[in-house]
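Student: I have a structure in front of me and would like to go through parts of it. Can we take it one question at a time?

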Amino acid sequence: MIDWTVTSHTETLETATGDGVARLTMSRPASLNAFDDALQRDFLDAVVAAAEDDAVRCVLITGRGRAFSAGADLALDEIGPHVRLAPRTERELTRFYNPIVRRLREMPKPVIAAVNGAAAGVGCAVAVACDHVVGARSSSFALAFSKVGLTLDGGASLLVGARVGFGRASRMALLAERIDADTALAWGLIDAVVDDDDLSGHTEALARELASGPTDAYAATKASLNVAFLHRLEDSFESEIAGQTALVDGDHFRSAITRFASRPRS
């Protein structure tokens, strides 16, 4: 096990380091680590800092509590009937979500996702943007955008397709199915499944192994894989922005948000 030292702690994210590994822990457990404005900003800052820190040779990303990340946090109090959401949506995709995914792919060191629960929406995109994805037995993966009348974002249209192929990516996106860990492994969406109690130990051991390896070779390998499989990532970002901004002020999304807001809270 790695002897972690906490180097940064905000209300939304904890960064710890040890043995050449930086661990980024999303820390909004009450909201299933959904990305609000603060987590978007803190997560991007932490990814940039890890990429630029020569002492960090591997990055490990996980979530606190019952989920990896439930995706975007819909600020219901800001969604009034006359509020246009397209400008905010474009800003969030352009300034935060897409740069996060871009930085994960361009980072010249390996990145591991330790998925401890639900990875949904842009949370799923962040997970599969990592180089090695390990799911706890109870983890699940979903692209549930269509359930609220939206389309994919965060590069999910390319990242998921690159891992599972066109047919399965289309099924996940159009049917908005929740994919369990064993199915995700069989499809190639993730790289390993371990029992829940073993997730931390397994991913820390893997991170230590990668941190002790040839970082320059890993960086060159990532760059080559990006060219081979993800060279259209920027095109996907642009297409997703166009689709999302066209849909976010539409009736389907407004109706879905109204239903969500009126649900009884337990």
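**A buried asparagine**

Tutor: The model is predicted. N116 has a relative accessibility of 14%. Buried means under 20%, so N116 counts as buried.

Student: Where along the chain is N116 placed?

Tutor: Two strands frame the position of N116, and one of them, β7, covers 118-120. The other strand is β6. The place of N116 is the loop between β6 and β7.

Student: Which backbone oxygen lies 3.1 Å from the side chain of N116, apart from that of A67?

Tutor: The side chain of N116 reaches the backbone oxygen of A67 at 3.1 Å. A polar atom of that side chain also lies 3.1 Å from another backbone oxygen, that of G65.

Student: Which residues is N116 in contact with, leaving aside neighbours within four places in sequence?

Tutor: The residues in contact with N116 include T62, G63, R64, G65, R66, A67 and F68. The list also has A136, S138 and L199.

**Strand β4 and its partners**

Student: Why is strand β4 described as largely enclosed?

Tutor: Strand β4 covers residues 58-63, and 6 of its 6 residues are buried. C58, L60 and T62 point one way, V59, I61 and G63 the other way, and all are buried. Because its residues are buried, β4 is largely enclosed by the rest of the structure.

Student: In which sense do β3 and β4 pair, and over how many bridges?

Tutor: Strand β3 covers residues 21-26. Within this pairing, L24 stands opposite I61 in β4. The sense is parallel, over 6 bridges.

Student: What is the hand of the crossover from β3 to β4?

Tutor: After β3 the chain passes through helix α1, residues 37-52, and then reaches β4. This is a β-α-β crossover, and its hand is right-handed.

Student: Which residue of β6 does I61 stand opposite?

Tutor: Strand β6, residues 111-115, runs parallel to β4, and 3 bridges join the two. In β6, the residue opposite I61 is A113.

**Aromatic rings**

Student: How many aromatic pairs does the structure hold, and which rings form a cluster?

Tutor: The structure holds 2 aromatic pairs. F35 and F43 form one that is edge-to-face, at 5.7 Å centre to centre and 75° between the planes. F35 and Y97 have ring centres 5.8 Å apart and planes at 85°, so this pair is edge-to-face too. Ring pairs thus link into a cluster F35, F43 and Y97.

Student: How many residues apart in sequence are the parts that the pair of F35 and Y97 ties together?

Tutor: F35 lies in the loop between β3 and α1, whereas Y97 lies in helix α2, residues 86-106. The pair therefore ties together parts whose separation in sequence is 62 residues.

Student: Are the residues of this cluster buried or exposed?

Tutor: F35 has a relative accessible area of 1%, and F43 has 0%. Y97 is at 4% relative accessibility. With the cut-off for buried at under 20%, F35, F43 and Y97 are buried.

**A cysteine in helix α3**

Student: What does C124 touch, not counting residues up to four places away in sequence?

Tutor: C124 lies in helix α3, residues 122-128. C124 is buried, with a relative accessible area of 0%. The residues touched by C124 are A119, F141, A142 and L143.

Notes. Residues are numbered from 1 along each chain as its sequence is written. This is a predicted model: local features need pLDDT of at least 70, side-chain atom pairs count only at pLDDT 80 or more; totals for chains, interfaces and linings use all residues. Side-chain values use heavy atoms; hydrogens and water are left out. Buried means under 20% relative accessible area, exposed over 50%, partly exposed in between (1.4 Å probe, protein chains only). Helices (H or I, at least four residues) and strands (E, at least two) are DSSP runs, numbered from the N terminus. Two strands pair if DSSP finds at least two bridges between them. A crossover is right-handed if, with the strands pointing away from the viewer, the path from the first strand over the helix to the second runs clockwise. A polar contact is a pair of N or O atoms within 3.5 Å; within protein, one must be able to donate a hydrogen and the other to accept it, and residues adjacent in sequence count only if both atoms are side-chain atoms. Contact means heavy atoms within 4.5 Å. Rings of Phe, Tyr and Trp (its six-membered ring) pair if their centres lie within 6.5 Å; planes under 30 degrees apart count as stacked, over 60 as edge-to-face and the rest as tilted.
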